[in-house]
Amino acid sequence: MTNDKHMLDYIPVNEPLLYGNEKKYLNQCIDTGWISSEGPFIKQFEEQFAARVGRKYGIAVSNGSVALDAAVLALGIGAGDEVILPTFTIISCAAAIVRAGAIPVVVDCDSHTWNMDVSQIEAKITPKTKAIMVVHIYGLPVDMEPILALAAKYKLQIIEDAAEMHGQTYKNRPCGSFGNISTVSFYPNKHITTGEGGMILTDDDRLAERCCSLRNLCFQPQQRFIHEELGWNLRMSNIQAALGVAQLERLDEFIARKRRMGQRYTELLSDIPGLQLPIPQTDYADNIYWVYALVLKDEVPFDAKEAMRRLHHHQVGSRPFFWSMHEQPVFHKMGLFAKESHPVSENIARRGFYIPSGIALTDEQMERVVEVVKEILRSP
Ligand SMILES: *Cc1c(COP(=O)(O)O)cnc(C)c1O
């Protein structure tokens, strides 16, 4: 703790940086009156983001969760179909499958990368399996090659949730380029933000058209108010896209900063016993540290809930890890995942949390976070 002033400032778990062309582009929206989804920033943001991940189409939507909903429906996944996904993920992934009437089938995660354990997938494939939903978690991409091989062997679709991976690559190929359909989110805790927002990415003309239609109430171009299918209003506004264009200009800078932050945290935390830190790299990627995540080792006599309570008491924000899909009351009530156990995910859900890792965090704040982490681990 450096001085009294800092003692008083709460360090939030995330804060975005909006110091580039955001204001300028937002003013253009107001000056021109283009505030709905018809404005020019939408197309610009879609084209620029799609180009960035090497995709033919980007379809901007209102958030990353509905991007997954649309992806599942566009692929024609429905009643009786099975989709394999990690149990350690956000509810949006499983919800999209369940809402489509399909069955989520989960695998455990790897204890070092926290990504889905790729070696468990093949045993879960049945004649009903239609797709694998890949979710890159916290900073490292999923090992894609074995999954692409399985998809080819069993003729499965891939849905790639790259919400946490803007700017990340797998063997030098951009995350967001691996799915038949890939999705991203632009919530303020993601690497770039539009406030709320998301995007669907694909190279397939027909899927792109399906997603555009689902986004816009399935209006038909020739006979607007006659509907063959039900869609939603998932449109992003020009105001959000204006933010997105400005943020995208800074992506490389943000990623470089995130990586430096991750390395700095690792240096400062590496000699503290009792903590499992994120691994800096795998054979196929350098960690992008979407969040800086910690897992309490078994020797620590309390859990993540208690650690977060203590951090909060010392004015440091934190968030728990995802709670596994197979332990969700809402799914148990639907008769899903009865008596399933996935021990790695169960353990990290109880012993994992992440510390302030937003792009606006200063070096000074990081040092204070580390002091507080040390402090809370000292007392039993
Ligand atoms: C944030 C996130 C989402 C959901 O995005 P929203 O824009 O908040 O709806 C989906 N998947 C993953 C992996 C995420 O991190």
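Which residue has a polar side-chain atom 2.6 Å from a nitrogen atom of the ligand? In this predicted model, that residue is Asp161.

**View 1. Polar atoms of the protein face the ligand at Asp161, Gly64 and Ser65.** The polar side-chain atom of Asp161 is 2.6 Å from a ligand nitrogen. Gly64 places a backbone N or O atom 2.7 Å from an oxygen atom of the ligand. For Ser65, an N or O atom of the side chain is 2.6 Å from a ligand oxygen. The ligand on its own exposes 380 Å², and the protein buries 91% of that area.

**View 2. Twelve positions between Asn63 and Gly197 are around the ligand.** Asn63, Gly64 and Ser65 are among them. The list continues with Ile90, Val135, Asp161, Ala163 and Glu164. Ser185, Tyr187, Lys190 and Gly197 are also around the ligand.

**View 3. Four strands form an open sheet with antiparallel pairing.** The strand order is 10-11-13-12. Strand 10 (275-276) and strand 12 (319-320) are the edges, each pairing on one side only. Two bridges join strand 12 to strand 13 (residues 352-355) in the antiparallel sense. Pro320 has Phe353 of strand 13 as its bridge partner.

**View 4. Helix 9 packs on the sheet, and helix 12 lies across two of its strands, strand 11 and strand 13.** Helix 9 covers residues 251-269 and touches strand 10, strand 11 (292-296) and strand 13. The direction of helix 9 makes about 30° with that of strand 11. Helix 12 spans residues 343-351 and runs at about 45° to strand 13.

Terms used:
Residues are numbered from 1 along each chain as its sequence is written. This is a predicted model: local features need pLDDT of at least 70, side-chain atom pairs count only at pLDDT 80 or more; totals for chains, interfaces and linings use all residues. Side-chain values use heavy atoms; hydrogens and water are left out. Two strands pair if DSSP finds at least two bridges between them. Contact means heavy atoms within 4.5 Å. Axes are lines fitted to C-alpha atoms, for helices over the stretch in contact, and angles run from 0 to 180 degrees between N-to-C directions. A residue is near a molecule or strand if one of its heavy atoms lies within 4 Å of it. A polar contact is a pair of N or O atoms within 3.5 Å; within protein, one must be able to donate a hydrogen and the other to accept it, and residues adjacent in sequence count only if both atoms are side-chain atoms. Accessible areas come from the Shrake-Rupley method with a 1.4 Å probe; for residues, only the protein chains shown count as cover.
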